[in-house]
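Subject: Structure handover, with notes

Dear colleague,

I am passing on the structure we spoke about, together with some notes on what was found in it. Please have the model open while you read.

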Protein chains: 2
Amino acid sequence: METRELRFFVAVAQELHFGRAAQRLGMAQPPLSRAISLLERRLGTRLFDRDSHRVALTDAGAVLLAEGRAALEAVEAAERRTRRAGSAEPGRAGVVLAVKAGAASELLAKLLHAYAAEPGAVPVEVFLCGPGEQERILRDGRADVALLHRPFDNVAGFDTEDLMTEGQIAILPAGHPLTTRTQLSMADVTGLAALPMPRWPDRDGSYAPGPGPEVRDHTQLIQLITLGRTMMVAPETSRTQLPPDVVAVPVPDAHPVTTVIAWPPHSRSPAVAALVRTATRL
Amino acid sequence: METRELRFFVAVAQELHFGRAAQRLGMAQPPLSRAISLLERRLGTRLFDRDSHRVALTDAGAVLLAEGRAALEAVEAAERRTRRAGSAEPGRAGVVLAVKAGAASELLAKLLHAYAAEPGAVPVEVFLCGPGEQERILRDGRADVALLHRPFDNVAGFDTEDLMTEGQIAILPAGHPLTTRTQLSMADVTGLAALPMPRWPDRDGSYAPGPGPEVRDHTQLIQLITLGRTMMVAPETSRTQLPPDVVAVPVPDAHPVTTVIAWPPHSRSPAVAALVRTATRL
DNA sequence: ACGGTGCGATACCGTGCGGGTATCGCCGTG
DNA sequence: CACGGCGATACCCGCACGGTATCGCACCGT
């Protein structure tokens, strides 16, 4: 199976419409139809149930959609990582480390400092990204290694080492009634009609419906908290980056957050290995 | 990047010889040379350092070899799983479970029995394979889920759930001096010149050099033990399948063996999920 | 009931790319 | 120094892939 065919298939499977899929692929509809039915013939299986007015995935099609997406990502990751490895002087190829902007900054600083002192250390480019984006960045090859946060980030398919575990705190606007408490429970902070939790964008950039404000990054969120529009529950160490006009209150029963260092399991990079070794020794 | 190009590249990277690689690919050498240099141009990077008498991987080439192999495996897995999903009647697609022949037989029986009793259970095909082969079978899509044994099998890249942990026993020919002992240490059993550990085939079917006999499956191995030619260290539960003319002695300091159920992290199969759920509840 | 419309399938055509053969250029070797 | 082995280059050919035109079908509205 060629990646071209897989891309065709995935486009049709997403659109469930040959015409629109063809448009998205920048081609005409007939060759797309032909390519799909040729693929079906080669696989010995229908991938779509289609009459002239509806297109639906078969069971086999659903399998190919899940598996094929993963495969396409692997191919693209291979391409990106090769490009990156090639655009560096030989023997000194850097690594890209993906971290959530504003998270684990102290740990990150210690890690970078300790790693730089290692013999044979290589330049580390830090790729700052939005919440939950590290996973995608690491999967698609834009990064070689990442700091993720369980249980928020999905670490499936990566090798990981735990680095630290911490409790969470609620971050509230100054003067809010709850700020007088010395600690809160999750029941206290979820479902506050006056202070709904913010909504982060999905992978495709869209927002799920809900009462909270739509946010895109941390500064935006902090600003909305100071304005008394929302609140958040975050790991304890984020306390160090808060402005003076918000208040942090521990939430002992919130799920503890574990910061892990993650890398693709087939990584053969000595630099990634050294970075991981350094991280686990902190 | 197309999988065709990747296959070309991997062939050359393995052979480090354009002529032989072309032969293996069933094509002539010139188009292969052209394809590789076109790929290099598209990636903006040399993949091989080559003069007229030597071909060697560049750093970028090494990256592409590791990443590209994983990507090709993902594509082939997608293809196999789709074929399998398509060759079953709709809604009743079976699952393939890979297990090492002769291992965890009691656990396996309990699992199959318990799963069959679940509502919505689906036929489970058991794929019996040689030691360490499960990983490959699961990675390349011939199986959907597998029972693996840490620390022997490499579970990197899979999601896993631990099922059981057990100690190991040494399996010796009856009458051997060590069989009088009530327990042994690893130091006792490794490096016995008279009873060298057997050698299992590599993934490519070849054997590493060493003193032990070359074995291919369990019955062969057991027979060699009864003949007094070798011995083995195996999980405790394998005791139930031993013939009467061998002796098992506990080895408390051997690394404990954990049987895990493993599946590809992107699996969307409800049947696999149900099987895993059943397994963890045993 | 019937023409309209939207969509996938089919028919047919041109071209560019992938593969083949012949040959060159380079270098290590007896 | 002639030879042989190997990768690169030159050139040619066939076909597979993509485009346009059109068909067939099913669901509409009137």
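In which helix of chain A is Thr3(A) found? Thr3(A) is found in helix H1 of chain A, where helices (H or I, at least four residues) and strands (E, at least two) are DSSP runs, numbered from the N terminus.

Before going further, please keep in mind that this is a predicted model, in which local features need pLDDT of at least 70 and side-chain atom pairs count only at pLDDT 80 or more, while totals for chains, interfaces and linings use all residues. Residues are numbered from 1 along each chain as its sequence is written, chains are lettered from A and ligands numbered from 1 in the order in which they are written, and side-chain values use heavy atoms, with hydrogens and water left out.

To return to Thr3(A), this residue is buried, with a relative accessible area of 0%; here buried means under 20% relative accessible area, exposed over 50%, and partly exposed in between (1.4 Å probe, protein chains only). If residues up to four places away in sequence are not counted, Thr3(A) touches Leu72(A) and Val75(A), and also Met1(B), Glu2(B) and Thr3(B), where a contact means heavy atoms within 4.5 Å.

Chain A as a whole has 9 helices and 10 strands, and its C-alpha trace spans about 65 × 55 × 30 Å along its principal axes. Of its 282 residues, 45% count as buried, and among the contacts in chain A with a separation of 6 or more, 65% come from residues 24 or more positions apart.

Helix H2 of chain A (residues 18–25) is worth a slower look. Phe18(A), Ala21(A) and Ala22(A) are buried in this helix, and they lie on the same side of H2(A) because they cover an arc of only 100° around the axis, the arc being that of the directions from the helix axis to the C-beta atoms. An α-helix has 3.6 residues a turn, so residues three or four places apart point the same way. What covers the buried residues of H2(A) includes H1, H3, strand S1 (48–51) and strand S2 (54–57) of chain A. Just after H2(A) comes Gly26(A), which takes a positive phi of about 70°.

Next come the two DNA strands, for which a residue is near a strand if one of its heavy atoms lies within 4 Å of it. DNA strand D is surrounded by 20 residues, the closest being Ala28(A), Arg34(A), Phe18(B), Ser33(B) and Arg50(B). These 20 residues divide into 8 nonpolar, 9 polar and 3 charged, where Ala, Val, Leu, Ile, Met, Phe, Trp, Tyr, Cys and Pro count as nonpolar, Asp, Glu, Lys and Arg as charged, and the others, Gly among them, as polar. A backbone N or O atom of Ala28(A) lies 2.9 Å from a phosphate oxygen of DNA strand D, and for backbone atoms of Phe18(B) the corresponding distance is 3.0 Å.

Around DNA strand C there are 19 residues, of which Pro30(A), Ser33(A), Arg50(A), Ala28(B) and Arg34(B) come nearest. Of the atoms of this strand within 4 Å of the protein, 58% belong to sugar or phosphate and the rest to bases. Ser33(A) has a polar side-chain atom 2.9 Å from a phosphate oxygen of DNA strand C, whereas an N or O atom in the side chain of His53(A) is 3.5 Å from a base nitrogen of that strand.

In chain B, strand S1 (residues 48–51) and strand S2 (residues 54–57) pair in the antiparallel sense over 4 bridges, and two strands pair if DSSP finds at least two bridges between them. A hairpin of 2 residues joins S1(B) to S2(B), and Asp49(B) stands opposite Ala56(B) in S2(B).

Is Thr219(B), in helix H8 (residues 218–226) of chain B, buried or exposed? At 61% relative accessibility, Thr219(B) counts as exposed. Its side chain makes a polar contact with the side chain of Asp217(B) at 2.8 Å; a polar contact is a pair of N or O atoms within 3.5 Å, and within protein one must be able to donate a hydrogen and the other to accept it, while residues adjacent in sequence count only if both atoms are side-chain atoms.

With best wishes
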